[in-house]
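Here is a report on one protein chain. Keep the sequence and the structure in view while reading.

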Amino acid sequence: MIRITTILLVLFLGTSATTIAQKIQRQKMASTAALQGICGTVLVKQGNHMPGPGSPRPNANGAPAEREVLIFPLLNVSQVEAGDNGFINSVGLVKPIKTVKSGKDGTFCVNLPKGRYSVIVQEPKGLYANLYDTKNNIFPVTVEAGKSAKIKVEITHQAVF
């Protein structure tokens, strides 16, 4: 009798734990949808992307990538030591506000207060950003109150356009 009670208790607790885990996952997904901050996808583009015979090329839109994504207060080119081909040698004493890793599907989300930010990815060769606005701000993203800014981070230093 004790064995049956123990088995039933274990089955009940296992089922309850699974149900709780599923509920937590649904809550996380719902909270991501209501996020105030930045959500995006990191994509790597490599090789020849020039128009011509054989177009369109496989992975023309890029392949999803796991990368560390660093969110800085808005940075200008004049504040950093720029390297070659989109790399940044140094951001001086400026520290990232948040750091998040994109998943295997390349996606990431980060909660942030409203404001303006620079998005930079960590590549094996160093910090990388290849998008600038007309004022030379590095990969600028504006977060508005109650909204999620949707972005696409394209790593293109190994591609030809």
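The report goes from the overall layout to the core, then to single residues and cross-links.

## Overall layout

This is a predicted model. The chain has 1 helix and 11 strands. The helix comes at the N-terminal end of the order, and the strands follow it: α-β-β-β-β-β-β-β-β-β-β-β.

Of the 161 residues, 32% count as buried. The accessible surface comes to about 10200 Å². Carbon and sulfur atoms hold 59% of that surface. Contacts reach far along the sequence: among those between residues at least 6 apart, 72% join residues at least 24 apart.

## The nonpolar core

In soluble globular proteins, nonpolar side chains tend to be buried together. Here the largest nonpolar core has 32 residues. Which members touch the most others? They are I38 and V119.

Eight stretches of strand each give two or more residues to this core. They are β1 (37-48), β3 (68-73), β5 (87-90), β7 (107-111), β8 (115-123), β9 (126-128), β10 (140-143) and β11 (148-160). V119 shows how such contacts spread. Leaving out residues up to four places away in sequence, V119 touches I38, V69, L70, I71, A129, I138, F139, V141, I151 and V153.

## I88 in strand β5

I88 sits in strand β5. Is I88 buried or exposed? With a relative accessible area of 6%, I88 falls under the 20% limit and is therefore buried.

Its contacts beyond four places in sequence are V80, E81, G83, I120, L127, A129 and I138. I88 also lies 5.9 Å from Y128, C-alpha to C-alpha. In sequence, I88 and Y128 are 40 residues apart.

## N76 in a loop

N76 is placed in the loop between β3 and β4 (81-82). N76 is buried, at 16% relative accessible area.

What does the side chain of N76 meet? A polar atom of that side chain lies 2.7 Å from the backbone oxygen of K135. Neighbours within four places in sequence aside, N76 is in contact with K135, N136, N137 and I138.

## Salt bridges

Side chains of opposite charge can pair when their charged atoms come close. The whole structure holds 6 salt bridges. One of them joins R67 and E123, with N and O 2.3 Å apart. R67 lies in the loop between β2 (63-64) and β3, and E123 lies in strand β8, so this pair ties together parts 56 residues apart in sequence. E123 is buried, with a relative accessible area of 5%.

A further salt bridge links D133 and R116, whose closest N and O atoms are 3.8 Å apart. D133 belongs to the loop between β9 and β10 and R116 to strand β8, so the pair connects parts 17 residues apart in sequence. D133 is partly exposed at 23% relative accessibility. R116 is partly exposed too, at 42%. K152 and E154 also form a salt bridge, with 3.8 Å between the closest N and O atoms. E154 counts as partly exposed, at 24% relative accessibility. K45 joins K152 and E154 in a network of salt bridges.

## The disulfide

A disulfide is a covalent bond between the sulfur atoms of two cysteines. The structure holds 1 disulfide. Which cysteines form it? They are C39 and C109, with sulfur atoms 2.0 Å apart.

C39 lies in strand β1 and C109 in strand β7, so the bond ties together parts that are 70 residues apart in sequence. The torsion about the S-S bond is about 115°, so the disulfide is right-handed. The two cysteines have their own surface values. C39 is buried, at 7% relative accessibility, whereas C109 is partly exposed, at 31%.

Terms used. Residues numbered from 1 in each chain as written. Predicted model: local features only at pLDDT ≥ 70, side-chain atom pairs only at ≥ 80, totals over all residues. Heavy atoms only, no water. Core = buried A, V, L, I, M, F, W, Y, C linked by side-chain atoms within 4.5 Å. Buried < 20%, exposed > 50% of the residue type's maximum accessible area, 1.4 Å probe, protein only. Helix = DSSP H or I, 4+ residues; strand = E, 2+ residues; numbered from the N terminus. Contact = heavy atoms within 4.5 Å. Salt bridge = Lys/Arg side-chain N within 4 Å of Asp/Glu carboxyl O. Areas by Shrake-Rupley, 256 points an atom, 1.4 Å probe, with all protein chains shown as cover. Polar contact = N/O pair within 3.5 Å; in protein donor to acceptor, adjacent residues only side chain to side chain. Disulfide = S-S within 2.5 Å.
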